[in-house]
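Reader: Before I plan any reading of my own, I would like a close look at the interior of this model. Please take me carefully through its enclosed spaces, and say which terms you use and how they are defined.

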Amino acid sequence: MKKRLLILIGIMALFIGNTALAQSRTVSGKVISVEDGSSLPAVNVILKGTTTGSVTDADGNYRLQVPQDGGTLIYSFIGLLTQEVVIGNQSVIDVQMTADITELSEVVVVGYGTQIKRDLTGNIAKVSGKDIESIPLNSIESTLQGRTAGVFIQQGSGKPGQAVKMRVRGSSSVTASNQPLFVVDGIPITSQNVSITNNQPTNPLADLNFNDVESIEVLKDASAAAIYGSRAANGVVIITTKTGKSGKTKFNIDLSTGISRPANKRDFLNGPQYNQLFDEAYANSLEDFGFEPAEIFGLANLESLKDAAIPGWRDNNDTDWQDLAFQDGKVSQISMNASGGTDKTRFYVGGTYSNQEGILIGNDFERLSGRLNLDHSVSDKLTFGVSMGLSRTQNGRVSNDNAFATPLQLIALPPVQPQFDPETGRLFTGTVYYNGLIQNRDATGETVVFRNISNVYANLEIIPGLTFTSKFGIDLLDQNEDNFQGRETQDGAPAGQGELRSVRVVNYTIDNYMTYSATLGDQHDLQVVGGISFQESDQDIVSIQARGFPNDDLKTIFSAADTESFSGIGTTFSYLSYFARANYKFNNKYLFTVSGRVDGSSRFGEDNRYGFFPAVSAGWIISEESFITGGPLSFLKLRASYGLTGNSEIGNFDALGLFQGTSYSGISGLRPTSVSSPDLKWETTAQLDIGIDFGIFNDRITGEIDYYFKDTDDLLLDVQVPATTGFGVVTQNVGKLENRGFEFVLNTDNLVGDFKWTTSLNFAKNTNEVTDLDGQIITSGINRAQEGQPLGVFYLVKYAGVDQTNGDALFEKGDGTGETTNDFSQAQEQFVGSPFPDWVGGITNTFSYKGIDLNFLFQFVRGNSIFNDGASFQTAGFDFFDNQSADQLRRWQNPGDVTDVPELRFLGGNGIDNSTRYLQDGDYIRLRNVTLSYQLPQDLIQRAFLTSAKIYVTGTNLLTITDYTGWDPEVNFDGTNPSNQTNNIRGGRDFYTAPQARTIIFGVKLGF
């Protein structure tokens, strides 16, 4: 009986199983990462409401049986967002999964370690490398514009490779540098300009390839930055490069190409307009002078003057010199990388070639870079690795903005003059000023930089929780500048001129420190870091200038007949530092941090070489308290910090009285070159920061609000000394300066699901004031540093318009009466604006739908002024022969005319003196970046044996909204080789300065 029963049960089971099998079907697919398209192994795939499931294999593939009527599949894996997909009639279901990382749980790099953002008590802004990759810019800090609250970034011009100004929470110094400290993979690098002195500064950070960057952190407050001590007063920028992860080797290729054009062109007079207005200006001056203005040049009348000064004007020429100065620049890039490894050894290797033709003729930038990051675990206790970044950049440079040889000064040439000589067919040499097209044809200026930023490290776990780290890093910068002026150029005539300059900077750092991490009981978490650091930087410069070349094809210095000058300079500085930081968390809601650094610098007097820079901060995660329950609030943290940071970015020997070798009547000797300042010490900035971090609706909305106050004391200042000493200035600790402001950051997940929309908004306000200079007034042209005013404040006569009766330019007397005068000498200068903005910010929106992504960033600047230095030539009412901007068409002509453009007067100087006539608001809103991309379907990708494929189009500077009438509101002409003091004070100046480039690129990214 039992036997029969067992047989019956077996038959029934077989029948039921066959019936179930007949009612089921197979579903298969592949699971990949939405970030890079790589396969995701070990993902759980479960039929909802059952225990039926599968796990993806090493290639991300899965297969399982599901009912005929479908159901819902659940895809889950630790660290990834769980997804549910309705099966429907599908037999192949491919899924893209994203990391389950909220902003509050992301890892942030801090000095000598990392922290979870939730536990931070300082203010650190983070930008992911994914946010900036493939952007067609050549400077890494330029990619941060509009992305970080309280950080003002200004590109000097549209010339690739030129220096970029970066200010973190305002300017904190008058004479010392205001640039932040840049740290790459834990190693401080050389970021100061080392280029030739007769041109504008270049940017050593342009050597970095930001496609290799994992993240960028900007340390803004004292708590975050104090561990870098003496060089952290201006903020710290930590750049972390990509590393490999254990798993299958991943290969990625990124190819792009595009075109750049000027973001803006201006309107100038054409040929007929030039002749008409020039003749009118001449006639007006003839009436004012009572004699022919041509007689000043020894000529008889208007026609003879134009024949002599503007040859070609009779030939009906209409040359658009502005168009000849600009070009359509090609942009191309190819980037490749591979990463992967095992549990023992991980690697990342990448290489990138980029080539950018500038928007100005003769200007280009080329970079070839490679990186190898290798990490190896010898055992559970010992890990070591190497990070090596090599690059070669070649910058084809043009002359500085204040030279007739620079392309944009072509616009000064009258349009009635020809580009080519009608008789010879060669470039016309009879132009009013030097024809800069000859410079483009016959001169070269190449700056080639070889860069090696590398480090080697070892981590040893001594006991559980206690790790010793030793790191040696080096930054080698080898820069060669080769300039040649042909025999027909302005500076090279009559037989050619050449200059060769070589700069070598060897900058190395040694760090040794201990890290201890422990969880004590259920409520106490402790992390302590302490160590020692040594840095030394040696710089050598050799240059030679020569003349007399056989022809313009032989351009090397060896071919020259005569040496004009030669020089050699060597300089060095070093730091010895001790640092420590302790982070303590109690009950997962009370946070405390204390840090300090003792820095010794070779730059200061013997009795003041060492400085101590402490900081303390605390945080309270209020949302962890029991009285915060329910409601929309998901996270709330109050934090505060106070600390001291320093600034030592001055000359290497400003504390010493220096001598240099000299020659007198053929006899060698010594002469003093600087006054000693033995009491020179650190410039110190005390900073208070109070902030709130919040999250709402399960962190769908997160944000930060900060108020800060920075007070800089013992300014490192170039103090004026009596001329009887034989010197102009000596560096001393004199003065105070302060910055105060607030920052606001808001991140929102507006829509979730298949259609996603996220927004990131930041804006900040900063107020700067010089509070004490010991009564000094430091000027740099129309900019000055003066007590009670913002640094670099403009000091100008106020322009009051045009006298309707006679066309005279009017100016405010400035004596409090409100009266005006047409006599410029009777008007008083006044404080009229600041070159630095009150407000900066940006907003980023990202839309995603089934593989299609649209991302765009608007950046804005408000509250700054720009002085258009070139306008005194371009809108001068034909004070000389320069071509004029089109606004001169609305000049005053007859009594009763209402206009702001004075009557045209040749050599009359009507309103051309420096006044607020040329000062304008520098406010702008700019569509900084736009990227539209499409991730190809997985089934199509698999057929091509790829793991990911994305096509994209990216545009930069596509739209600018501004009232500024120059080429571009993002401009700053500091002059050639400006000192720190000049760079700090002389801001907001425009002098024939190139606009930013509007660039559009098309690209494809492939992964396999």
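Author: What follows describes the cavities and then turns to one arginine.

This is a predicted model, in which local features need pLDDT of at least 70 and side-chain atom pairs count only at pLDDT 80 or more, whereas totals for chains, interfaces and linings use all residues. Residues are numbered from 1 along each chain as its sequence is written, and side-chain values use heavy atoms, with hydrogens and water left out.

A cavity here is a set of points, on a 1 Å grid over the protein atoms alone, where a 1.4 Å probe fits but cannot get out, and its lining residues have an atom within 4 Å of a point. Grid points are joined across faces, edges and corners, and a volume is the space filled by probe spheres set on those points. By this rule there are 12 cavities of 30 Å³ or more.

The largest cavity holds about 210 Å³, and among the 22 residues that line it, Leu 137, Asn 138, Gln 155, Pro 160 and Gln 996 lie nearest its centre. The strands β50 (948-962) and β52 (997-1007) are the elements that give two or more residues to this lining; strands are DSSP runs of E, at least two residues long, numbered from the N terminus. The lining of the largest cavity comprises 6 nonpolar, 15 polar and 1 charged residues, where Ala, Val, Leu, Ile, Met, Phe, Trp, Tyr, Cys and Pro count as nonpolar, Asp, Glu, Lys and Arg as charged, and the others, Gly among them, as polar.

The second largest cavity has a volume of about 170 Å³, and of its 17 lining residues Asp 207, Leu 208, Asn 209, Arg 371 and Gly 389 lie nearest its centre. At least two residues of this lining come from each of β16 (236-241), β20 (364-377), β21 (382-396) and β22 (443-463), and the lining as a whole divides into 7 nonpolar, 6 polar and 4 charged residues.

Turning to the arginine, Arg 346 belongs to strand β19 (residues 345-357). Arg 346 is buried (under 20% relative accessible area, 1.4 Å probe, protein chains only), yet has no salt bridge, that is, no side-chain nitrogen of Lys or Arg within 4 Å of a carboxyl oxygen of Asp or Glu. The nearest side chain of opposite charge, Asp 375, is 5.4 Å away, with Lys and Arg counted as positive, Asp and Glu as negative, and His and the chain ends not counted. The side chain of Arg 346 does, however, make a polar contact with the side chain of Ser 377 at 3.2 Å, a polar contact being a pair of N or O atoms within 3.5 Å, of which, within protein, one must be able to donate a hydrogen and the other to accept it, and residues adjacent in sequence count only if both atoms are side-chain atoms. A polar atom of the Arg 346 side chain also lies 3.0 Å from the backbone oxygen of Lys 344.

Notes. On a 1 Å grid over the protein atoms alone, a cavity is a set of points where a 1.4 Å probe fits but cannot get out, and a pocket is an open set with protein on both sides within 12 Å along at least five of seven lines; lining residues have an atom within 4 Å of a point. Helices (H or I, at least four residues) and strands (E, at least two) are DSSP runs, numbered from the N terminus. Buried means under 20% relative accessible area, exposed over 50%, partly exposed in between (1.4 Å probe, protein chains only).
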